[in-house]
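Subject: Structure handover

Hello,

Here is the structure I said I would pass on. My notes follow below it.

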Amino acid sequence: MPRRAHLPALIVHGGAGIAAAVPDRPARRRGMIAAAKSGAAILREGGSALDAAIAAVVALENNPLFNAGYGSMLNAARKIEMDAGVMVAAPTGGITTGAVAAVSRVRNPILLARTVMERTHHILMVGAGAERLAREAGIPLCAPGDLVTARALARWRKLKRFAPGSRHGERRHGTVGAVVVDSHGTLAAATSTGGYSRKLAGRVGDSPILGAGFFADRSGAASATGLGEAIVRLSLCREAVMRLRRMTPSEAAARAIRSMRTIPGADAGIVVIDSRGRLGYTHNAESMEVAMFDPARGLRYERVRPSRTSPNRT
Ligand code: ASP
């Protein structure tokens, strides 16, 4: 009985990087709580981890303060290209997963990632084929310009003096993600991003890469944010989930972020949940926001202090 004490549970993040501007903080906080609440409402009704993770991520994709869906950062060609991935793990060990990369005309890339998972035999789709799938699945397409906010444009202009694709000290991350366990013990991880401002056109980050930006197996689930090129190299989320076999989610998250030290200057944050509903979250950046839910403690929001290993600066 105590094994199930924390179920169901979830945690969402809104990216790790430099702290949000002070005037934006209350609205970001409300956005994080609203996202966790939409997932929690599904879990309270006995709904699935997948539905809860998708609902939470869609809420953040629709919020222009976060770098995913509407509000995504613009690439060097001044275009939005978004990545998203989702994975579900049943307590029996069965797993399903889907992802999309560099999509421009879908308001909610996480819905398309779910469609790849549920309606195709594939794992990762890009380009015109991914958009065709969206149309066939009834996911409305939009004009790429519809997703551009004044904020993203201002950021792009500010960084224009740097070479396209250079890291140019961009530490403003707003990727969103959710990890969930439902009352049946099924786990889900979902991550969605616009990447980073002035990335090269066609660049794909960690968010749609299984094991890097998201991962789930029967022991737990993880979602990451931060410098994609580093997160992919370390298979950050898979590494964290594998560690759950011998440690708590807090320890697994801390170990994963500590491993980022091998790549100087790589900012990252991670949220981890285990099959008992225990949560772990940490980062080595300046700031990361999370919101979480479990039946005992209800909804909570936290601006997470960096782990002791941070900051990871060159
Ligand atoms: N991980 C994302 C990427 O590299 C960016 C972020 O988390 O801010 O595409």
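In what order do the strands of the open sheet of four strands run, and is the pairing parallel or antiparallel? The order is E7-E8-E9-E10, and the pairing is antiparallel. Please keep in mind that this is a predicted model.

The sheet

Strand E7 (214-217) and strand E10 (279-283) form the edges, each pairing on one side only. On average, neighbouring strands of this sheet are turned by 10 degrees against each other, direction ignored. Five bridges join E10 to strand E9 (residues 268-274) in the antiparallel sense. Ile 273 stands opposite Leu 279, a residue of E10.

A helix also packs on this sheet: H8 (residues 249-259), which touches E9 and E10. The direction of H8 makes about 25 degrees with that of E10.

Lys 199

The other item is a lysine in the loop between strand E6 (187-193) and E7, namely Lys 199. Lys 199 is buried but has no salt bridge. The nearest side chain of opposite charge belongs to Asp 83 and is 4.9 Å away; the cut-off for a salt bridge is 4 Å, so this pair does not count as one.

What does the side chain of Lys 199 reach at 3.0 Å? The partner is the backbone oxygen of Gly 194. Gly 194 is also among the residues that Lys 199 touches when those up to four places away in sequence are not counted. The others are Asn 75, Ala 76, Glu 81 and Gly 165.

Regards

Key
Residues numbered from 1 in each chain as written. Predicted model: local features only at pLDDT ≥ 70, side-chain atom pairs only at ≥ 80, totals over all residues. Heavy atoms only, no water. Pairing = 2+ DSSP bridges. Helix = DSSP H or I, 4+ residues; strand = E, 2+ residues; numbered from the N terminus. Axes fitted to C-alpha atoms, helices over the stretch in contact; angles between N-to-C directions. Contact = heavy atoms within 4.5 Å. Buried < 20%, exposed > 50% of the residue type's maximum accessible area, 1.4 Å probe, protein only. Lys, Arg positive; Asp, Glu negative; His and termini not counted. Polar contact = N/O pair within 3.5 Å; in protein donor to acceptor, adjacent residues only side chain to side chain.
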